[in-house]
Amino acid sequence: MTTIAWDGKTLAVDSRTTGSNIIRSERTQKLWKIADFWIACSGDYQDVLLAVEWFRNGMPDTDKPKLNDPGGLVVIKKRGRKAFRYEGNLVGWDVAASFAAAGSGFEIALGAMAMGATAEEAVKVAARFDPGTNKRVQASK
């Protein structure tokens, strides 16, 4: 599980990986800079790596990866001040709101940002209450 937060400027994500109801890692990479955009991913980590490779290859419609859990992957892609959300089918749509969140702690992160928190602060707030999220935050600059 994961918490991803986007505050209209910064994209932030925690670093915890879980599986079979245990913590697997506290230092997992979940944020990547690819060309002129950033992506943060949650979901099955094998699916995350397949999606990252697809983004690196230019997102070809004819070569979308087959995901292990096509309902589980969530990606927020940030280009400048605009964000796009992709789910398991890897079809993106504009994030119309001024901030957004995804993953297991998304409700907490949304509430924090609604009260003025930055994306990084929102992930840290989510980590206080969501067992799938930790306070080790990666953020776009």
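**Notes on the predicted model: Tyr-86, the sheet and its helices**

1. Let's start with Tyr-86, which counts as buried at 7% relative accessibility. Bear in mind throughout that this is a predicted model. Tyr-86 sits in strand E8 (residues 82-86), and its ring partner Trp-54 belongs to helix H1 (residues 45-56), 32 residues apart in the chain. Trp-54 is buried as well.

2. Now for the rings themselves. The whole structure holds four aromatic pairs. In one of them, Trp-54 and Tyr-86 meet edge-to-face, with 6.5 Å from centre to centre and 75° between the planes. Tyr-86 also pairs with Phe-55: the centres are 5.1 Å apart and the planes stand at 85°, so this pair is edge-to-face too. Again the link joins distant parts of the chain, with Phe-55 in helix H1 and Tyr-86 in strand E8, 31 residues apart. Phe-55 has a relative accessible area of just 2%, so it counts as buried, the cut-off being under 20%. Add Phe-37 and you have the cluster that ring pairs tie together: Phe-37, Trp-54, Phe-55 and Tyr-86.

3. Next, the sheet. It is open and has four strands in the order E10-E1-E2-E11, paired antiparallel. Which strands are at the edges? Those are E10 (100-103) and E11 (138-139), each pairing on one side only. Helix H2 (residues 106-114) packs on this sheet, where it touches E1 (3-6) and E10, and its direction makes about 160° with that of E10.

4. Going across the sheet pair by pair, E1 and E10 run antiparallel and are joined by four bridges, with Thr-3 opposite Gly-103. E1 and E2 are antiparallel over three bridges, and here Ala-5 faces Ala-12 across the pairing. Two bridges then connect E2 (residues 11-13) with E11, also antiparallel; Val-13 stands opposite Gln-138 there.

5. Is E1 covered on one face or both? Both: Thr-3 and Ala-5 are buried on one side, Ile-4 and Trp-6 on the other. The hairpin from E1 to E2 has four residues between the strands, and Gly-8 takes a positive phi near 95° in it.

6. Helix H3 (residues 119-129) lies across E1, E2 and E11, running at about 155° to E1. Its buried residues include Ala-119, Ala-122, Val-123, Ala-126 and Ala-127. Looking down the axis, the buried residues of H3 fall within an arc of 145°, so they line one face of the helix. That fits the general picture: an α-helix has 3.6 residues a turn, so residues three or four places apart point the same way. The cover over the buried residues of H3 includes E1, E2 and H2.

7. Have a look at Arg-16, in the loop between E2 and strand E3 (17-19). Is it buried or exposed? Its relative accessible area is 12%, so Arg-16 is buried by the under 20% cut-off. Its side chain makes a polar contact with that of Glu-26, at 2.7 Å. Beyond residues up to four places away in sequence, Arg-16 touches a set of residues including Met-1, Thr-2, Ile-23, Lys-30, Pro-131 and Asn-134.

8. Last, a second hairpin. Strands E5 (residues 31-34) and E6 (residues 37-42) run antiparallel and are joined by four bridges, among them the one between Leu-31 and Ala-40. Two residues lie between these strands, and Ala-35 takes a positive phi near 55° in this hairpin.

Definitions and conventions: Residues numbered from 1 in each chain as written. Predicted model: local features only at pLDDT ≥ 70, side-chain atom pairs only at ≥ 80, totals over all residues. Heavy atoms only, no water. Pairing = 2+ DSSP bridges. Contact = heavy atoms within 4.5 Å. Axes fitted to C-alpha atoms, helices over the stretch in contact; angles between N-to-C directions. Buried < 20%, exposed > 50% of the residue type's maximum accessible area, 1.4 Å probe, protein only. Polar contact = N/O pair within 3.5 Å; in protein donor to acceptor, adjacent residues only side chain to side chain. Arc of directions from axis to C-beta. Phe/Tyr/Trp six-rings, centres within 6.5 Å; stacked < 30°, edge-to-face > 60°.
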